[in-house]
Amino acid sequence: MDKLYHIVTYGCQMNVHESEKIAGILSELGYSSTEDMERADIVVFNTCCIRENAENHAYGNIGMLKKLKARNKNMLIAVGGCLTQQINKADDLHEKFPYVDIIFGTHNLNKLKEYILAKRLQKKAVIKIEECDGRIDEGDKPLRTSYPNAWVNITYGCNNFCTYCIVPYVRGRERSRKSQDIIAEVKELVADGYKEITLLGQNVNSYGNGGADIPFYELLEKLAAIEGKFRIRFMTSHPKDFSEELAKVMAGNSKICNCLHLPVQSGSDSILKAMNRRYSSEDYLKKVEILKKYIPDCAITTDLIVGFPGESEKDFEDTLELVKKVDFASAFTFVYSPREGTKAAEMPEQVDGEISKRRIMKLIELVNSQTRAHSALFVGKQVEVLCEGYDEKRNAYMGRSEHGRMVYFGCSENKIGEFVTVKINEANGISLIGEII
Ligand code: SAH
Ligand code: SF4
Ligand code: F3S
């Protein structure tokens with residue numbers, strides 16, 4: 001019988017795709033996947049540390065494995081990802097959870113096979129964290145798990161050092177893959193039948209800054225020129241690097257979805273400065289104007305943080321004001337979480353938790369009303385949906401519209417992997433419900 005693996009993923013799309021790379025390594029070693037953690041011969045936690053609750057979530061789940069491991073001594077437990085890459089965290093983790101067998105970081109995921117083989121020969125835990133050496137490994141063979149969607153890395157790391165953010169410390173300096181490698185990967189995916197390609201990078205707009213051959217908008221043009229019916233999405237765009245050329249390329253290529261995730265974080269200029277975002281609220285609004293000039297129906301989404309150190313009531317009001325002006329299709333809202341080692345964590349004026357809570361509730365209310373209004377605009381319209389799966393609970397197929405809205409629809413045939421036209425009858429918060437035509 002095959003040995004079984006179970007991977008638990010926390011954090012962003014980048015991590016979701018890296019879990020596919022981990023799955024690729026495990027399947028090479030003869031493991032196959034199980035949904036049931038109790039039956040697994042190896043459990044891998046691919047962790048995140050963007051906010052304290054992401055870390056706590058992982059700690060809680062690793063802690064729960066103690067009993068399972070006591071029952072099944074042969075079970076291997078591996079922990080990797082952003083959490084372990086933080087200074088001293090691997091040792092802390094080993095101390096807290098001595099039954100964890102393998103601890104690795106973000107820069108040596110490709111050596112997991114070696115570590116598993118080493119662990120089989122020794123009793124001691126294998127703890128290996130490496131620093132970023134700037135290399136890009138083109139050898140990974142991810143085991144993709146999200147057909148008809150596929151993720152493709154275009155950059156790794158981040159150079160921006162937003163003062164609240166841990167990512168530059170755990171993901172290293174920004175590096176771009178060669179355009180020919182990206183184009184070859186996307187061509188292969190399209191030939192294999194994938195219908196939606198999402199390009200991944202902490203800051204895709206700065207693709208090429210580290211010496212890659214072509215700028216991001218040119219890469220997009222080349223990808224959009226690949227034959228076949230498929231969609232292109234990308235994330236995340238940093239507003240400071242968002243250019244008019246990019247808006248033109250998005251408008252001029254029907255394969256590139258008319259939606260853009262453009263995290264603004266705050267609407268207050270002094271907070272944006274303290275965050276080291278390198279744009280003002282006016283700069284941001286100008287970029288939005290450019291985008292809307294070329295793509296009037298573009299769905300703009302964002303990330304917002306409340307309770308950044310020093311945020312006054314007036315700063316928060318500025319955020320509400322900006323959100324009202326832009327009218328986002330949807331937004332992720334976060335309470336600021338101090339991350340050890342970042343500049344903001346050392347700032348003296350940390351905001352009281354109760355104040356942040358009140359602010360986020362107010363912000364969520366505003367964002368939700370915008371989301372609902374955007375959804376309502378689709379009622380009575382026909383949208384093209386890429387069918388991604390079947391929702392057992394709703395007894396309906398589901399997929400995304402070009403604008404990124406989740407759409408549910410009834411259908412007697414299996415449409416997974418196909419583009420279908422759906423007439424929207426109802427809007428339900430962020431999702432839409434309709435019928436196939
Ligand atoms: N590279 C992307 C996003 C990375 S993290 C970008 O620059 O947009 C995703 C989101 O998490 C960020 O946009 C930010 O809103 C949020 N975030 C990052 N660090 C945080 C922290 N310390 N506390 C709260 N939210 C944070
Ligand atoms: Fe973090 Fe800023 Fe880099 Fe995004 S751009 S990953 S928020 S440092
Ligand atoms: Fe992503 Fe979390 Fe790391 S958001 S880059 S997995 S810290």
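## Exercises on two sheets and a tyrosine

Glu196 stands opposite Arg231 in S11. Let us work outward from this pair. The model is predicted, so local features need pLDDT of at least 70, side-chain atom pairs count only at pLDDT 80 or more, and totals for chains, interfaces and linings use all residues. Residues are numbered from 1 along each chain as its sequence is written, chains are lettered from A and ligands numbered from 1 in the order in which they are written, and side-chain values use heavy atoms, with hydrogens and water left out.

**Exercise 1.** Find out which strands make up the open sheet of three strands, and which of them stand at the edges.

*Solution.*
- Step 1: Strands are DSSP runs of E with at least two residues, helices are runs of H or I with at least four, and both are numbered from the N terminus.
- Step 2: Two strands pair if DSSP finds at least two bridges between them. S10 (residues 196–200) and S11 run parallel and are joined by five bridges.
- Step 3: The order in this open sheet is S7-S10-S11, with parallel pairing.
- Step 4: S7 (149–153) and S11 (231–235) are the edge strands; each has a single partner strand, so one side of each is left without a neighbour in the sheet.

A general reminder: strands of a sheet pair through backbone hydrogen bonds, either parallel or antiparallel.

**Exercise 2.** Describe the open sheet of six strands and a helix that packs on the sheet.

*Solution.*
- Step 1: Reading across, the order is S2-S1-S3-S4-S5-S6, again with parallel pairing.
- Step 2: S2 (31–33) and S6 (126–128) stand at the edges.
- Step 3: Look at S3 (residues 42–47) and S4 (residues 76–81), which pair in the parallel sense over six bridges. Ile42 has Leu76 in S4 as its bridge partner.
- Step 4: Helix H2 (residues 52–71) packs on the sheet and touches S3 and S4, where contact means heavy atoms within 4.5 Å. The direction of H2 makes about 170° with that of S3; axes are lines fitted to C-alpha atoms, for helices over the stretch in contact, and angles run from 0 to 180 degrees between N-to-C directions.

**Exercise 3.** Decide whether Tyr5 is buried or exposed.

*Solution.*
- Step 1: Locate Tyr5 in strand S1 (residues 3–9).
- Step 2: Recall the cut-offs: buried is under 20% relative accessible area, exposed is over 50%, and partly exposed lies in between (1.4 Å probe, protein chains only).
- Step 3: Tyr5 has a relative accessible area of 5%, so Tyr5 is buried.
- Step 4: Check the surroundings: leaving out residues up to four places away in sequence, Tyr5 touches several residues, including Leu26, Tyr31, Ile42 and Leu143.
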